[in-house]
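Biologist: Please take me through one loop of this model with care, and then place that loop in the rest of the chain.

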Amino acid sequence: MTPIILPAVRKIIHIDMDAFYASVEQRDYPEYRGKPLVVGGLPEGRGGVVATASYEARKFGIRSAMPSKQALQLCPHALFVRPRFDVYKEVSQHIREIFKRYTDLIEPLSLDEAYLDVTQDKQNIGSALEIAKLIKQAIKEELNLTASAGVSVNKFVAKIASDMDKPDGLKFIGPSSIEVFMETLPVEKFHGVGKVTAQKMMKMGLYTGADLKKLREDELVKYFGKVGRFYYQIVRGIDDRPVQPSRETKSVGAEDTFARDLLTFEEMMNELERISMLVYERLERKKLRGRTITLKIKYSNFKQITRSLSLPEPVGEASMIIDTVEKLLTEAFAEGKPVRLLGVSLSNFHEQTVQKNPPGIAGQLSLF
Ligand SMILES: [Mg+2]
């Protein structure tokens with residue numbers, strides 16, 4: 001008899017600490033509790049940015065990555081404190097210890113966020129939802145902090161789910177409800193779809209997963225580039241990306257091959273702006289800040305060149321990528337040579353970002 005092979009359904013948990021830095025500060029300093037608190041750059045300093053705002057501060061519209069000056073305008077009585085990364089790192093290690101009681105398949109995304117694969121858990125609990133509950137409970141009891149958890153069969157849905165009931169949330173989206181869930185999801189909630197792409201989608205009349213689902217794979221690729229293939233799969237609830245316990249990112253990039261060769265500088269810059277935005281979105285997602293920008297050009301005769309430029313500071317804005325790419329293209333542009341592919345990548349990440357655990361700290365640090 002042929003054995004019946006069941007589809008491998010994975011059990012994935014995404015854990016995300018609630019207002020992490022701010023919650024740690026409110027935990028350690030009772031005078032901050034119940035108050036609008038901003039952890040990050042101070043508003044009187046130059047270029048200070050909000051790293052994390054407490055929930056009380058968010059009520060005033062204060063958000064991460066917002067200039068601290070703007071945060072102060074939104075809420076003049078907000079308290080501003082500098083981050084204590086050594087403390088956050090310690091807490092993060094403790095959280096990891098808690099995860100390790102259940103699985104070794106842990107992929108940290110930053111100090112306060114991780115994917116866990118608990119398809120096989122160390123304690124034979126079997127239920128991912130139950131494990132998520134136990135983890136949340138341990139974080140509360142041992143660290144006096146709250147986390148939100150999303151539980152599903154893949155990373156994409158687990159991550160969206162963890163954000164749905166915040167703070168102190170626990171959301172389970174099982175295999176039978178994934179399709180409906182994805183169909184009703186607004187495009188701007190798709191993580192990986194940045195603001196620019198979301199706006200482009202909405203201009204095209206694509207508001208939800210169901211709208212995206214009406215498009216064929218080649219159409220999605222035509223409109224959005226390679227990532228279109230990912231959208232095609234994800235609206236059908238398919239995401240096979242494994243939970244990767246150690247990630248060492250050396251470079252992050254995107255490239256596109258064009259259906260028709262490009263000839264003018266303007267055409268190329270148009271495409272490069274879009275590709276640069278995509279790279280920026282990927283960097284944001286990985287919380288990475290790189291210093292070296294590389295432009296790749298492949299001509300219609302398949303000859304390829306790359307040009308790189310290293311900036312004194314890690315890239316913190318999409319416009320920095322676009323400006324640098326424009327410089328590189330100005331130098332490399334050759335009149336009358338048709339171009340079939342353009343690519344942009346970032347490398348030379350802050351040394352702390354390339355260390356294995358926890359990645360992302362430099363991304364946060366460079367906010368200041
Ligand atoms: Mg968080």
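Where is Pro-167 found?

Modeller: Pro-167 is found in the loop between helix α6 (155–162) and strand β8 (170–172), where helices (H or I, at least four residues) and strands (E, at least two) are DSSP runs, numbered from the N terminus. Before going further, please bear in mind that this is a predicted model, in which local features need pLDDT of at least 70 and side-chain atom pairs count only at pLDDT 80 or more, while totals for chains, interfaces and linings use all residues. Residues are numbered from 1 along each chain as its sequence is written.

What marks out this loop is the peptide bond from Lys-166 to Pro-167, which is cis, with omega near -10°. Most residues other than glycine have a negative phi, and most peptide bonds are trans. A departure in phi appears at Ala-65, which is not a glycine and yet has a positive phi of about 75°; Ala-65 sits in the loop between α2 (55–58) and α3 (68–74).

As for the wider setting, the domain assignment (bounds from an automatic or database source) gives domain 1 as 6–173, domain 2 as 179–234 and domain 3 as 251–365. The centres of domain 1 and domain 2, taken over C-alpha atoms, are separated by 27 Å. Contact between the two involves 5 residues of domain 1 and 5 residues of domain 2, two residues being in contact if their C-beta atoms, placed from the backbone, lie within 7 Å. On the side of domain 1 that touches domain 2 there are 4 nonpolar, no polar and 1 charged residues, where Ala, Val, Leu, Ile, Met, Phe, Trp, Tyr, Cys and Pro count as nonpolar, Asp, Glu, Lys and Arg as charged, and the others, Gly among them, as polar.

UniProt, in an unreviewed entry, places the feature "domain: UmuC" at residues 12–194; its positions follow the numbering used here, feature names are shortened, and annotations may be inferred rather than shown by experiment. Over residues 12–194 the chain is 37% helix and 20% strand, with the end C-alpha atoms 24 Å apart. For "binding site", the unreviewed UniProt entry lists Asp-16 and Asp-112. They span 97 residues in sequence, yet no two of their C-alpha atoms are more than 5.8 Å apart, so they gather at one spot. Asp-16 lies in strand β1 (residues 12–17).

Further along the chain comes an open sheet of 3 strands in the order β3-β2-β4, with mixed pairing, two strands being paired if DSSP finds at least two bridges between them. At the edges are β3 (50–53) and β4 (79–81), each of which pairs on one side only, and the twist averages 30° from one strand to the next. Strand β2 (residues 37–40) runs parallel to β4, joined by 3 bridges, and Val-39 has Val-81 of β4 as its bridge partner. Helix α1 (residues 20–28) packs on this sheet, touching β2, β3 and β4, and its direction makes about 115° with that of β2; axes are lines fitted to C-alpha atoms, for helices over the stretch in contact, and angles run from 0 to 180 degrees between N-to-C directions.

A further open sheet has 4 strands in the order β9-β12-β10-β11, with antiparallel pairing. Because β9 (251–262) and β11 (304–310) stand at the edges, each with a single partner strand, one side of each is left without a neighbour in the sheet. Here the twist averages 15° from one strand to the next. Strand β10 (residues 290–299) pairs with β12 (residues 339–349) over 9 bridges in the antiparallel sense, and 7 bridges join β10 to β11, also antiparallel. Leu-295 has Val-344 of β12 as its bridge partner and stands opposite Arg-307 in β11. Helix α12 (residues 265–286) lies across β9, β10 and β12, running at about 155° to β9, while helix α13 (residues 318–332) packs on the sheet, touching β10, β11 and β12, at about 45° to β10. In the hairpin of β10 and β11, with 4 residues between the strands, Phe-302 takes a positive phi near 70°.

Taken whole, the protein has 15 helices and 12 strands. Its radius of gyration is 22 Å, close to the 21 Å that the globule rule gives for 368 residues, so the protein is as compact as a globular protein of that length; the radius is taken over C-alpha atoms, and the rule is 2.2 Å times the number of residues to the power 0.38.
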